[in-house]
Amino acid sequence: AAESFNYKKFFEMVGLKKKSPEDVKKVFHILDKDRSGFIEEDELKFVLKGFTPDGRDLSDKETKALLAAGDKDGDGKIGAD
């Protein structure tokens, strides 16, 4: 349902916290669709579809919250590190 996405629960469900750094980088590269070395807001919007074909697009609000959680330097994108 729209506005029901919780990135903390999502990370738990997909097991990212338990993955090795190498596995996390593999996931990063899958989500970095344009191969820019960063995951930008427009790529995050479709993140659920990367995990399941019937996943929905995130709302703008959900996308911004997920971006803010991963954007450690405030540049508006998530780097591999």
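Let me start with Glu62, which counts as buried at 5% relative accessibility, and please keep in mind throughout that what we are looking at is a predicted model. Glu62 has a salt-bridge partner in Arg56, and the closest N and O atoms of the two are 2.8 Å apart. Arg56, for its part, is partly exposed, with a relative accessible area of 25%, so the bridge joins a buried residue to a partly exposed one.

How many salt bridges does the structure hold? There are six, and I will take you through two others. Asp60 and Lys45 meet through their side chains, at 2.9 Å from N to O. Because Asp60 lies in helix H4 while Lys45 sits in the loop between helix H3, residues 41–44, and H4, this pair ties together parts that are 15 residues apart in sequence. Lys45 counts as partly exposed, at 22% relative accessibility.

The other bridge is between Asp23 and Lys26, where the closest N and O atoms are 3.8 Å apart. Here both partners belong to helix H2, and they are separated by three residues, which is about one turn of the helix. Asp23 is partly exposed at 30% relative accessibility, whereas Lys26, at 55%, counts as exposed.

Let me move on to the aromatic rings. A pair of aromatic rings is described by the distance of the centres and the angle of the planes. The structure holds three such pairs. In one of them, the rings of Phe5 and Phe10 have centres 5.3 Å apart and planes at 55°, and because that angle falls between the limits of 30 and 60 degrees, the pair is called tilted. Phe5 and Phe10 are both buried, with a relative accessible area of 10% for Phe10. Phe10 also pairs with Phe11, again in a tilted arrangement, with 5.9 Å from centre to centre and 50° between the planes. Phe11, however, counts as partly exposed, at 25% relative accessibility. Taken together, ring pairs link Phe5, Tyr7, Phe10 and Phe11 into a cluster. A ring elsewhere in the chain, that of Phe38, has Lys77 lying over its face, at 4.2 Å from the ring centre.

Now to the pockets. What is the volume of the largest pocket? It is about 710 Å³, and of the 27 residues that line this pocket, those closest to its centre are Phe11, Val24, Gly70, Ile78 and Gly79. The elements that give two or more residues to this lining are helices H1, H2 and H4 together with strands E1 and E2, and H2 gives the most, with six residues. By character, the lining divides into 17 nonpolar, two polar and eight charged residues.

The second largest pocket holds about 180 Å³ of space, and its lining brings back some residues we have already met, including Phe5, Phe10 and Arg56. Here the division is six nonpolar, two polar and two charged residues.

I will finish with one point about the backbone. Most residues other than glycine have a negative phi, and most peptide bonds are trans. Arg35, though it is not a glycine, has a positive phi, near 55°. Where does Arg35 sit? Its place is in the loop between H2 and E1, and at 58% relative accessibility Arg35 counts as exposed.

Key. Residues numbered from 1 in each chain as written. Predicted model: local features only at pLDDT ≥ 70, side-chain atom pairs only at ≥ 80, totals over all residues. Heavy atoms only, no water. 1 Å grid on protein atoms, 1.4 Å probe; cavity = no way out; pocket = protein on both sides within 12 Å on 5 of 7 lines; lining within 4 Å. Points joined across faces, edges and corners; volume = space filled by probe spheres on them. Helix = DSSP H or I, 4+ residues; strand = E, 2+ residues; numbered from the N terminus. Nonpolar A, V, L, I, M, F, W, Y, C, P; charged D, E, K, R; others polar. Phe/Tyr/Trp six-rings, centres within 6.5 Å; stacked < 30°, edge-to-face > 60°. Buried < 20%, exposed > 50% of the residue type's maximum accessible area, 1.4 Å probe, protein only. Lys NZ or Arg CZ within 6 Å of the ring centre and 35° of its normal. Salt bridge = Lys/Arg side-chain N within 4 Å of Asp/Glu carboxyl O.
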